[in-house]
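Biologist: I'm new to this one. Could you put it on the screen so we can talk it through?

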Amino acid sequence: MKLKSPLRSINKSLKNYAVHLFHSETPKSFAPDDEPGDESTLQRLVHELQVHQIELETQNEELRHTQLQLSNARDQYLQLYDMAPIAYVTIDQTGKILDANFKASELFDARRNELPGAALAAFISPASQDAYYLHRQAVFSTGLKQATELTLKGRPTQTVTRVESVTSADKDRCLMVMVDITSQKLAEEALKRLNEELETLVAERMRQIQMSFNRLNTILNTATDAIITINNQGEIESVNPASAEMFGFSSDELIGGNISLVIPTQQTETLLRNINQLLHQIDNRPTGCVMDISARRKGGYLFPISLSSNRIDKENAFTCIIRDMSERVELEKVLLQRTEEERNRIGRELHDTIGQTVVGIALKAISLSTELEKIAPPLAQALADMSAKLETTGREIHTIVNDLSPLRMDDNDFKEALQWLVDSSQIYSHAKITLECPNDVAIKDSRVATQLYRIAQEALHNAIKHAKAELIQVKIKQTSEFIKLSVIDDGSGMESTSRSARLPFSLSGKGLENMKYRAHVIGADVEVLSNKGKGSHVECTLLT
């Protein structure tokens with residue numbers, strides 16, 4: 001099938017249009033459809049010439065109109081080309097500039113009329129000459145779009161351009177687009193410097209952090225105290241080597257387990273209460289809690305420790321620093337033994353010297369009072385009063401000597417010692433004092449029995465002398481797990497304090513400090529519950 005060309009279609013249309021114009025202007029006597037003849041043939045020829053003339057005039061008019069449009073389009077293109085914000089350059093295969101717009105002349109720092117015929121290489125810096133040559137060769141040899149970066153010369157500050165080039169249809173010219181990317185390059189260089197500085201700072205900071213981390217690891221690994229981190233549920237999250245050595249467990253056995261693995265249950269509950277109080281603190285002060293309690297080694301052996309716990313920043317995690325107090329407690333036991341020996345010595349001195357002297361003076365005063373009763377009654381009465389006071393002083397000295405006397409208690413002597421303490425305290429007190437102690441109570445360790453006795457003695461003294469109690473109860477309870485000593489009174493009491501807020505040996509009052517100290521030596525825990533006007537409850541618990 002043969003297709004008609006568009007030009008033939010256009011010509012046919014123009015011919016039809018011309019025939020229409022001719023018919024509208026030609027008389028009917030000259031119509032081409034008249035009968036053939038010499039005259040009609042002439043008229044038909046004239047008709048065809050006139051139609052052809054009109055057709056030519058119409059084509060000419062269309063051509064003038066198209067030429068005008070093309071001229072306008074060319075002017076617009078030239079305006080866009082010349083005033084474009086990026087440089088357009090056309091070069092031949094030798095690199096000579098054929099055409100360039102105003103932006104190109106500005107970029108090359110040259111007049112526009114000087115660019116045609118000039119070599120483009122003359123405006124490119126020596127450092128970019130090789131890149132330009134390879135770029136030009138690639139464009140003409142491949143006929144494909146090529147891109148590169150070139151540095152121009154002739155300015156104080158080198159101008160960096162991005163060049164994209166393609167060949168013309170006949171491949172004898174290269175059409176180039178050049179974009180000034182100097183600001184971008186400067187920004188990239190600045191960003192690169194900033195990145196390098198940042199990398200240097202980060203590297204330095206990482207080095208410092210690594211040094212701190214290594215130092216911390218060294219401290220943790222070489223610390224003689226056990227350092228354990230736990231959450232608020234008491235689950236162990238990490239341990240240091242000293243923890244495994246102290247408790248006899250491996251690190252794998254400790255991590256993931258509960259803190260009750262190394263601390264008895266009752267004291268674990270106290271620890272969790274304390275750390276949950278830290279968890280709900282409104283302020284972020286680095287306040288922790290310190291506890292003197294007992295810990296448990298892998299074999300079940302209990303030993304005294306000092307446990308300091310505090311919250312880690314704002315996490316639900318806590319550090320527990322645990323120090324083995326066994327050596328210190330042993331030293332304190334020796335100290336208490338020396339104290340008992342000193343008490344014994346002072347008691348003997350009081351009994352053998354001052355006590356005997358006071359008794360002798362009292363007897364002499366009575367004798368003199370009897371002799372002088374008839375001669376000088378006032379003097380005799382003064383001597384009798386002096387004798388009575390000396391007798392009272394002698395009884396007080398005797399009481400002090402009894403308090404200072406050393407205790408030598410066997411397995412079954414502890415109850416008798418407590419009963420003697422209650423009876424002797426009842427003598428110089430108006431309070432009713434009772435003792436609840438089962439017959440099966442037996443404390444085999446005499447040092448433990450001695451310290452429990454002294455704690456009961458101190459608690460009774462405080463209830464009688466300071467609390468002015470009318471009813472005092474002394475109770476002792478012993479099971480396979482613990483020994484509990486309680487002294488309860490209905491005296492004046494004191495202001496209540498939170499036990500968890502008190503540091504070791506910081507109980508108010510010297511007597512309470514002594515009780516806390518003695519309990520610590522034997523690995524016991526003392527709790528004092530008191531309210532103003534409602535009496536006090538001193539409870540000493542020793543885990544067995």
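What follows is a short chat about a loop residue, the cores and the cysteines.

Modeller: Heads up: this is a predicted model, where local features need pLDDT of at least 70, side-chain atom pairs count only at pLDDT 80 or more, and totals for chains, interfaces and linings use all residues. Residues are numbered from 1 along each chain as its sequence is written, and side-chain values use heavy atoms, with hydrogens and water left out.

Biologist: Which backbone oxygen does the side chain of Asn-101 reach?

Modeller: Asn-101 sits in the loop between strand E2 (97-100) and helix H3 (102-108); helices (H or I, at least four residues) and strands (E, at least two) are DSSP runs, numbered from the N terminus. Asn-101 is buried, at 0% relative accessible area, where buried means under 20% (exposed is over 50%, partly exposed in between; 1.4 Å probe, protein chains only). At 3.0 Å, its side chain reaches the backbone oxygen of Ile-86.

Biologist: Which helix gives the largest share of the largest nonpolar core?

Modeller: A nonpolar core is a set of buried Ala, Val, Leu, Ile, Met, Phe, Trp, Tyr and Cys residues joined through side-chain atoms within 4.5 Å. The largest has 37 residues, and Leu-452 and Leu-485 are among those touching the most other members. Several elements each supply at least two residues, including helix H11 (414-427) and strand E13 (482-489). The largest share, ten residues, comes from H12.

Biologist: How many disulfides are there?

Modeller: Cys-174 is buried at 1% relative accessible area, and Cys-437 is buried at 10%. A disulfide needs a pair of cysteine sulfur atoms within 2.5 Å. By that rule, the count is zero.

How values were computed: Polar contact = N/O pair within 3.5 Å; in protein donor to acceptor, adjacent residues only side chain to side chain.
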